[in-house]
Amino acid sequence: GRPLCDWACPLARGGADPVGTAVRAFVVGPDGQRRAVNWSCSVLREPSGRLLGWLEVVQDVSHLGQLEELHGAFISAASHELLTPITIIKGHAEALRQVRAGRARAQVQEAATAIEEEADRLQRLVKNMLDVAQIQAGAFRLELAPLALPPLIERIVQRFRGRSRRHQFVVECPEAFPIVMADRDRIESVLYNLLDNAVKYSPQGGTIRVGCEVQSDQVVVRVSDEGVGIPWQEQDRIFERFYRGRGTGRTRPQGSGLGLFIARAIVEAHGGRIWVESRPGRGSTFYFSLPREAPADLPAVVDLTGAAPADTAAPAP
C-alpha cells in the first residue's frame, strides 16, 4: 500500500545507489484488475558522475502468480491422492493382522483385493508424475506395436465396473475394428484417465459409455458421462497441466490435474488429437483420434509447454 517512489526509487534516496532497485509490486490496470509486476529502476550517470536520468522497467508477472497458485493446488491435491490409498492399505493390512487363521476367509479376500486395487492406484499416480517429468524434459517416447482397441477398452471398463456400483458402463465398439499402431501402455493410460474423470465428475452415478468408430483414415474413441458437465470458459483449459475442473458445489473432485494433460501428450505423440464436447448439467463427451497407420513423421517428443489449448470442436467426419 506504500507508493514505490517514496521508498524504493533510487532517485528518492539521492541517487546514491549505484545498482538500483528491483521489487515485486502491485498495480491497478486500466481494467480495474490488480496485477503483480516486477518493477526495477536504475540510475544512469556519466563517467564523471553527472546524472543523466534513469531506466525504469515494469514487467507484468501476474501469470506467474497464477502458475504458483496452480502448483500449490497440485501439491495439495497430489498429497491427498497419495495419502488416501495409503490410509486404505494400512487399514486393510491391520484388519488382516487381526484375522485368525482359518476364519473369515471372505474378509481376507476382500482386504487383499482392496490392497491390490489401492496399490495399483498408487502406481498409476506415481506413473502420471513420471510421465509429466518426461514431457517437461523432452524425453517422452512411444513404443508402437499392433493394438486391438476393443479388447483393451473392455478390459479397462471391466476394472471400473468393479470400482463404482453407482455407474453403468456400456461399451459400443463394432465387431470388425481395424488394428492400429499404438503404444499399448500409453493408450491404456489415456482410457483410464478419461474413465476416471467420467466417474469423478458424475458423482450421482448414471451411464458411462465408451465407444469407438472408424472415420476415413483414423479411428475415434469417445468416453461420455451424464455428470455435471464443463462450463464453456473452462473447456480450453482442462488440458493444461495442474488444471482441475470445479465440478459442483463448493468442493472440487479429487485429482492431481495431470490426467488430461498427460492424455493430450500421448494422443498428440501418436499423431492424433483430443477434444471435448460438454454442456453444464448435461454431461461431457471426450474424444480422441488415432491414425489407422502410424504416420512416417510422428514427433519423437511432444512439447506442450507453449502449445495452444486443444480444440473443443469435433472434426468434420
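**Exercise 1.** Work out how strands β7 (residues 206–215) and β8 (residues 218–224) pair, and over how many bridges.

*Solution.* Start with the direction: β7 and β8 run antiparallel, joined over 7 bridges. Pairing here takes at least two DSSP bridges between two strands, and strands themselves are DSSP E runs of at least two residues, numbered from the N terminus. Next, pick a spot to check: Gly211 sits opposite Arg222 in β8.

A quick note on the model: it's predicted, so local features need pLDDT of at least 70 and side-chain atom pairs pLDDT 80 or more, while totals for chains, interfaces and linings use all residues. Numbering starts from 1 along each chain as its sequence is written, and side-chain values use heavy atoms, leaving out hydrogens and water.

**Exercise 2.** Find the strand order of the open sheet of 5 strands, then say which strands stand at the edges.

*Solution.* Reading across, the order is β5-β7-β8-β10-β9, with mixed pairing. β5 (167–172) and β9 (274–278) each have a single partner strand, so one side of each lacks a neighbour in the sheet.

**Exercise 3.** Does the length of helix α4 (residues 149–163) agree or disagree with its expected span? Which of its residues are buried?

*Solution.* Helices are DSSP H or I runs of at least four residues. The expected span is 1.5 Å times one less than the number of residues, so the 15 residues of α4 should give 21 Å; the end C-alpha atoms are 21 Å apart, which agrees. Now burial (under 20% relative accessible area, exposed being over 50%, with a 1.4 Å probe and protein chains only): Leu149, Pro150, Leu152, Ile153, Ile156, Val157 and Phe160 are buried. On the other side of α4, Pro151 and Gly162 are exposed.
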